[in-house]
2 protein chains.
Amino acid sequence: MGLSERKLKILQAIISDFINSAEPIGSRTLSKKLEMGISSATIRNEMSDLEEMGYLTHPHTSAGRVPSDKAYRLYVNSLMEKYVLPENEKQKISQKLLSKFDELDKVIANAAGILSELTNLTSFAITPRINENSLKYVNLLPVDDRTVILMLVTEAGKISNTTLNLKAPYAKDKLEFLSKVMTMNYKGKSLSNILTLDIIKNFETDIEAMGKLAENIMPNFLHTLENMLNVELYMDGLTNIFSIPEYSDIGRAKLFLEMINKKKEFTDILINRDSGVIITIGNENTDEVMRDCSLITATYCVDGKCVGKLGVIGPTRMNYGEVTSIIEYMTDNLSQSFRLTEGEKDEQ
Amino acid sequence: MGLSERKLKILQAIISDFINSAEPIGSRTLSKKLEMGISSATIRNEMSDLEEMGYLTHPHTSAGRVPSDKAYRLYVNSLMEKYVLPENEKQKISQKLLSKFDELDKVIANAAGILSELTNLTSFAITPRINENSLKYVNLLPVDDRTVILMLVTEAGKISNTTLNLKAPYAKDKLEFLSKVMTMNYKGKSLSNILTLDIIKNFETDIEAMGKLAENIMPNFLHTLENMLNVELYMDGLTNIFSIPEYSDIGRAKLFLEMINKKKEFTDILINRDSGVIITIGNENTDEVMRDCSLITATYCVDGKCVGKLGVIGPTRMNYGEVTSIIEYMTDNLSQSFRLTEGEKDEQ
DNA sequence: GTTAGCACTCAACAACATAGAGTGCTAACA
DNA sequence: TGTTAGCACTCTATGTTGTTGAGTGCTAAC
């Protein structure tokens, strides 16, 4: 049994209705709404077929039909009409997205905020992994007798610094010398490479070569490198789930928030998703806890590398068309603005 | 009518019982539990008096009694027995608190995590305001033709930096010159003072004196200063509220989480609290939305100035004794560790 | 002042009835 | 052969009623 034109139309109607109302829909209501001149009985027959084929389910005998994950997948792939963001919406988003901040992390956190506001869902964003970034220079700046600022700068301009409190006073010229030696040793190497074993092994000889001061500074150097590789997760709109009927049950709301709050695990799930706009619906999610949610992510690029992610998580019943458009527009916008810097550089 | 010894004893018993069980307690149950050889009828009379005096309430006629905010206040002030943290607990806390991180922000975020774990409540921590900190130096570091790192260092060693993408290329010597001029102009002045009007007014003449490059950099300088003054709020244990019977109602849980999630407002509430261990119970909170919560905060000091805060928020029915001890121990511990750096400096 | 005794109150729970939204099947129709 | 009206049936949601038990408040006796 194939999916006739009519079956598709009925299925689409059921899905759009359910996305809006969250209520199972019955044959009579649908018959009236469709205005196709077919009676509720006919629709009942079709619905029965669709259920047999796995597109619909039944909370209980005397309830209307509810779309299954399979139905949402079909809907997303071919049934739903592409939502086009109105031009003034686009402008509003662009403005909010880019006006306020310079710092990457702040821009990304802000983006998550905007996204949750627009979709009324829980949104998240992760900053790009900078694995491949190579170190540009190491700078040790004197503050006072025992305080030193360790500053690392990558080729892409990402900076990280830490204030170190040394156990013994140091000489300024030694500090300068150490900066130079460290820069010479590690310049051009990618952060993750520096952290791999073979380079770390060399540290002992490095330390010996560079003297007592290095002994104090090296562990901090490694630690700072590790921090730079950390992906930052930002979330917003957590309380939006309370407005969603699916989560009016306290148990489900709890599970949802607990899942979201395991930041480490959640970040890993996000990192491992493919690039581009990816929609995973309900049981398509490999992670047990997410089986009754849908996840939409898209990738934004920094300096041409598409490694940051922006997305939303919510009930499988969500407005895929609109949400996807918004996310896609936002990531495009972000990528473009992060490329601008690059562009400016090239103009030189 | 005063509070006789016996009334106090009964009140104390009701409160401790309710803190544990969250269930209204009746006269018969209490009579058995107290083992004072007084009958339920007598206790009923006493309870009736206590209710008249405002220490107890009644969810409905046939329910047991529940302590009022006034009762909790009395309990906290004089009735409750001081909880002494066992030595091994203390050690565990100290270890977790200090082992992992160097950076102040990370230590504070981590502290909030530990606190929520220990108390099973929602915890929070704010980083210190550094209003009074004075600027030590301004450093402009060249990265490439149009990229500059703006780095600000305060006397207390707090560093902040921003990567600037300039609109035009610059000359290295001008950058160096500008660093020196800016350091000269603003060194020793407190961050908040630099941001006040009279100094900002001078900027225009400053910019004129320092040339085109300054025009580009000054707004970023101000912006970075503002950022340094921002207090960071960390929270943890949000989902703990779901285990608390008071919040098994989805409406209340929602209100609670929404309140907590208004970070700006919540931070303001925290900042404005007095120093030391402060307990505000239910309607003692000036903010409407917090009237059915209790808030416990304590202050930790950095470099001798007590301006950071650590605390929990939860239902008025919370274990004030234990929670207070834990928070107090943690802030003491933090203050001490943040003083160590200071101590080391003094040893010089 | 304390206590036994008793009438009274009220939430919580269970048992039952009812309404209504919806289904599935059948038989008739085009 | 597909479509439809009609009808019995199902099941949730909602309301009603009764019962239980924990608890109170009052009174009278100790």
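**Entry 1: a term to settle first**

I take helices (H or I, at least four residues) and strands (E, at least two) as DSSP runs, numbered from the N terminus. With that in hand, I looked up which element leads at DNA strand D: α3(A) gives the most to the surface near this strand, with 4 residues. A reminder to myself before going on: this is a predicted model.

**Entry 2: the rest of the surface at strand D**

I listed the elements next. α3 of chain A, together with α2 (27–34) and α3 of chain B, each supply at least two residues of the surface near DNA strand D. I found 22 residues around the strand, and the closest are R6(A), T42(A), T61(A), S62(A) and S27(B). By class I get 4 nonpolar, 14 polar and 4 charged residues near DNA strand D.

Which part of strand D faces the protein, sugar and phosphate or bases? Of its atoms within 4 Å of the protein, 75% belong to sugar or phosphate, and the rest to bases.

I then checked single atom pairs. A backbone N or O atom of G37(A) lies 3.4 Å from a phosphate oxygen of DNA strand D. On chain B, a polar backbone atom of S62(B) is 3.3 Å from a sugar or linking oxygen of this strand, and for a polar backbone atom of A63(B) the distance to a sugar or linking oxygen is 3.4 Å.

**Entry 3: over to strand C**

Here I also count 22 surrounding residues, and S27(A), R6(B), T42(B), T61(B) and S62(B) are the closest to DNA strand C. Sugar or phosphate accounts for 75% of the atoms of strand C within 4 Å of the protein, with bases making up the rest.

I noted three pairs on chain A. An N or O atom in the side chain of S27(A) is 2.7 Å from a phosphate oxygen of DNA strand C. R44(A) reaches a base: one of its polar side-chain atoms lies 3.0 Å from a base nitrogen of strand C. S62(A) uses its backbone, where a polar atom is 3.2 Å from a sugar or linking oxygen of DNA strand C.

For the elements, α2 (27–34) and α3 (40–52) of chain A and α3 (40–52) of chain B give two or more residues to the surface near strand C. The largest share, 4 residues, comes from α3(B). The classes near DNA strand C are 4 nonpolar, 14 polar and 4 charged.

**Entry 4: how the two chains relate**

I laid chain B on chain A: the RMSD is 0.2 Å, with a turn of 180° and a shift of 0.0 Å along the axis. The two copies are therefore related as by a two-fold rotation axis. In chain B, I250(B) has the C-alpha nearest the axis, at 2.9 Å. The same surface serves both copies, as 98% of the contact residues of chain B recur in chain A.

**Entry 5: the protein–protein interface**

The contact takes 44 residues from each of chain B and chain A. I get about 3,500 Å² of area buried between them, of which carbon and sulfur atoms give 57%.

How many salt bridges cross the interface of chain B and chain A? The rule finds 0, while 2 residue pairs are in polar contact, both at pLDDT 80 or more.

On the side of chain B that touches chain A, the elements giving two or more residues include β5 (147–154), α10 (212–229) and α13 (320–347) of chain B. β4(B) gives the most to this side, with 7 residues. I close with its classes: 15 nonpolar, 16 polar and 13 charged.

How values were computed
Residues numbered from 1 in each chain as written. Chains lettered and ligands numbered in written order. Predicted model: local features only at pLDDT ≥ 70, side-chain atom pairs only at ≥ 80, totals over all residues. Heavy atoms only, no water. Contact = heavy atoms within 4.5 Å. Buried area = accessible area lost by both parts, 1.4 Å probe. Salt bridge = Lys/Arg side-chain N within 4 Å of Asp/Glu carboxyl O. Polar contact = N/O pair within 3.5 Å; in protein donor to acceptor, adjacent residues only side chain to side chain. Nonpolar A, V, L, I, M, F, W, Y, C, P; charged D, E, K, R; others polar. Least-squares fit on C-alpha atoms with pLDDT ≥ 70 in both. Near = heavy atom within 4 Å.
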